[in-house]
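Q: I am new to this structure and would like a close look at a single part of it. Please start from one residue and then work outwards, explaining the terms as you go.

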Amino acid sequence: MTLADLIPSLRTSIDRLPTPEIWPSTTRLTRSGDLTVGGVALSELAGRFGTPTYVVDETQIRANCRAYRHALPDVEIAYAGKAFLTRAVVGWIAEEGLSLDVCSAGELAVAMAAGYPAERIILHGNAKSPDDLKAAMRAGVGRVVVDSLDEVGQLGALATAQPVLVRVTPGVDGHTHTAVATGVEDQKFGFSLASGAAAEAVRRVLAEPSLRLVGLHCHIGSQVARVADFELAARRMVGLLDLVRDEHGIALPQLNLGGGHVVPYLAGDEGFDLSGFADRIRGAVHYECSRRGLPAPRLTIEPGRSLVARAGITLYRVVTVKHGTNRTFVAVDGGMSDNARPALYGARYAVRLAGRASQAPDAPVTVVGRHCEAGDVIAQDVPLPADIHAGDLLAVPCTGAYHHSLASNYNMVGRPPVVAVRDGAPRLLVRGETAQDLLARDVGV
Ligand SMILES: Cc1ncc(COP(=O)(O)O)c(C=O)c1O
Ligand SMILES: N[C@@H](CCCC[NH3+])C(=O)O
């Protein structure tokens with residue numbers, strides 16, 4: 001028993017959360033039962049910016065960037081902007097010394113608007129449109145990862161001495177959800193290593209005078225936990241570097257191993273072994289290169305989720321509590337339009353009462369959204385205090401990745417604002433969408 005257990009007035013803002021690993025590391029419990037993040041109370045944020053609101057802890061994102069740079073000082077870390085992109089985020093990434101991946105003209109526009117140096121941008125996409133390619137050439141992006149033979153021709157027609165990498169499907173199972181398993185054969189991304197399509201793509205790029213082949217790329221999937229899967233992909237990719245050297249007499253200087261590092265969403269979920277990854281990937285690449293007499297390429301990795309997921313919290317207001325036949329539904333003022341992941345991947349989330357303390361015992365409830373689908377569930381069978389009622393504030397952790405970026409206007413619901421917190425101060429990064437915003441695009445009557 002601690003002193004704080006004996007003397008309630010000592011239960012101050014230093015109290016720890018029971019599951020700190022899924023909340024931003026600046027999260028604290030206050031005496032009144034509220035949470036603070038980045039020194040700002042969640043109830044204050046909800047009062048000022050409304051609900052739902054995405055809260056993002058700048059300190060956590062910067063700390064994650066530093067952890068990667070510290071673990072992999074000799075590896076280029078490129079943030080996969082699809083996970084969560086705003087101009088401010090681009091600025092943090094730039095200040096922390098990371099490169100940036102984009103996969104559309106829109107993401108590129110955000111990066112450029114933030115003043116990010118184009119030469120440190122990598123453009124991805126299995127079906128880049130002519131507009132994507134033209135925008136990238138206008139901006140002068142540093143590298144393009146080509147993903148189809150059509151693209152080789154289309155980019156070749158637009159480019160001048162454009163550095164490119166070839167996206168390879170290495171035939172590695174990342175043991176993840178099929179919707180985000182991108183290293184296996186028979187899916188839309190990349191050129192198959194096993195079939196010889198990757199070697200043919202290399203030939204075609206080399207034959208295109210306006211393209212300059214600088215390396216190979218693979219990305220085996222998202223939420224990948226096993227370092228061994230990344231290691232296998234790395235070994236296979238060095239095998240292809242070797243084939244390229246044998247066939248064309250060139251040692252490609254770059255190898256990009258993608259992102260996909262697992263993040264825990266619930267207490268007890270597996271975290272990513274970053275130092276194990278660093279050791280084993282570097283070891284595998286160096287071993288494979290030295291036994292083949294190849295110079296070791298410069299490595300790049302592209303984490304998205306693992307840099308931003310834990311930094312995010314979504315705030316909701318309870319609209320109604322309904323006692324159904326078998327379960328209690330706690331319905332909130334957001335849902336699948338701000339968090340598509342349960343519907344897309346069966347993703348599970350934790351949830352916590354914020355803004356007040358409750359002495360009521362926990363009871364299992366299902367937190368659901370406001371949208372017109374029975375599958376609009378935010379957190380299934382989660383414990384919340386039995387006195388939960390309309391007007392209560394709920395906080396859902398681990399919503400920094402693929403929430404804002406996957407949000408929709410389903411049911412003509414405006415997307416939530418994004419508010420950054422740091423050192424006790426909130427800062428609005430993206431304002432919430434209004435009905436006027438939604439109507440602005442409806443131009444025909
Ligand atoms: C090419 C590429 N790189 C990086 C990422 C980032 O993945 P994650 O956010 O899981 O790290 C993705 C998405 O899966 C991707 O498609
Ligand atoms: N949108 C997915 C991840 C996609 C990864 C991008 N290639 C998610 O929320 O988990």
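**R305 and its surroundings**

A: Let's start with R305, which is buried because 24 other C-beta atoms lie within 10 Å. The rule here is that 20 or more other C-beta atoms within 10 Å of a residue's own make it buried, 12 or fewer make it exposed, and anything in between is partly exposed, with C-beta atoms placed from the backbone. Please keep in mind that this is a predicted model, in which local features need pLDDT of at least 70 and side-chain atom pairs count only at pLDDT 80 or more, while totals for chains, interfaces and linings use all residues. Residues are numbered from 1 along each chain as its sequence is written, and chains are lettered from A and ligands numbered from 1 in the order in which they are written.

R305 belongs to helix α11. Helices (H or I, at least four residues) and strands (E, at least two) are DSSP runs, numbered from the N terminus. Which residues touch R305, leaving aside its neighbours within four places in sequence? They are A83, S222, V263, A401 and Y402; a contact means that the two C-beta atoms, placed from the backbone, lie within 7 Å.

Right beside it comes G304, in the loop between β13 (298-301) and α11 (305-308). With 25 other C-beta atoms within 10 Å, G304 is buried. Apart from neighbours within four places in sequence, its contacts are Y79, A80, K82, A83, G259 and A401. A83 and A401 thus appear in the contact list of G304 and again in that of R305.

The UniProt record, an unreviewed entry, marks both residues as part of a "binding site", together with G260, E302, P303 and Y402. UniProt positions are given in the numbering used here, feature names are shortened, and annotations may be inferred rather than shown by experiment.

Now for the ligands. Ligand 1 has 16 residues around it, and G304 and R305 are among those that come nearest, along with A80, S222 and G259. A residue counts as near a molecule if its C-beta atom, placed from the backbone, lies within 6 Å of it. The shell of ligand 1 divides into four nonpolar, nine polar and three charged residues. In this sorting Ala, Val, Leu, Ile, Met, Phe, Trp, Tyr, Cys and Pro are nonpolar, Asp, Glu, Lys and Arg are charged, and the others, Gly among them, are polar.

Around ligand 2 we find K82, V180, S222, R341, Y345, Y402 and L406. That shell is made up of four nonpolar, one polar and two charged residues. Where does ligand 2 lie with respect to domain 1 and domain 2? Domain 1 (3-57 + 310-440) and domain 2 (58-307) both give residues to its shell, so ligand 2 lies between them.

Stepping back, those two domains divide the chain, with bounds that come from an automatic or database domain assignment. Their C-alpha centres are 33 Å apart. Their contact takes 28 residues from domain 1 and 21 from domain 2. On the side of domain 1 that touches domain 2, β4 (53-57), α12 (341-345), β20 (418-422) and β21 (425-430) each supply at least two residues. The largest share, three residues, comes from β20. This side of domain 1 divides into 16 nonpolar, seven polar and five charged residues.

UniProt also lists, again from an unreviewed entry, "domain: Orn/DAP/Arg decarboxylase 2 N-terminal" over residues 59-309. That stretch is 42% helix and 16% strand, and its end C-alpha atoms are 13 Å apart.

Finally, a look inside. In soluble globular proteins, nonpolar side chains tend to be buried together. Here the largest nonpolar core has 120 residues, of which L42, L100, V166, M237, V367 and L394 touch the most other members. Such a core is a set of buried Ala, Val, Leu, Ile, Met, Phe, Trp, Tyr and Cys residues joined through C-beta atoms within 7 Å. Helix α9 (residues 227-248) gives the largest share of this core, nine residues. Domain 1 and domain 2 each contribute at least three residues to the core. L42, for one, touches D34, L35, V37, L315, A354, G355, L393 and A395, not counting residues up to four places away in sequence.
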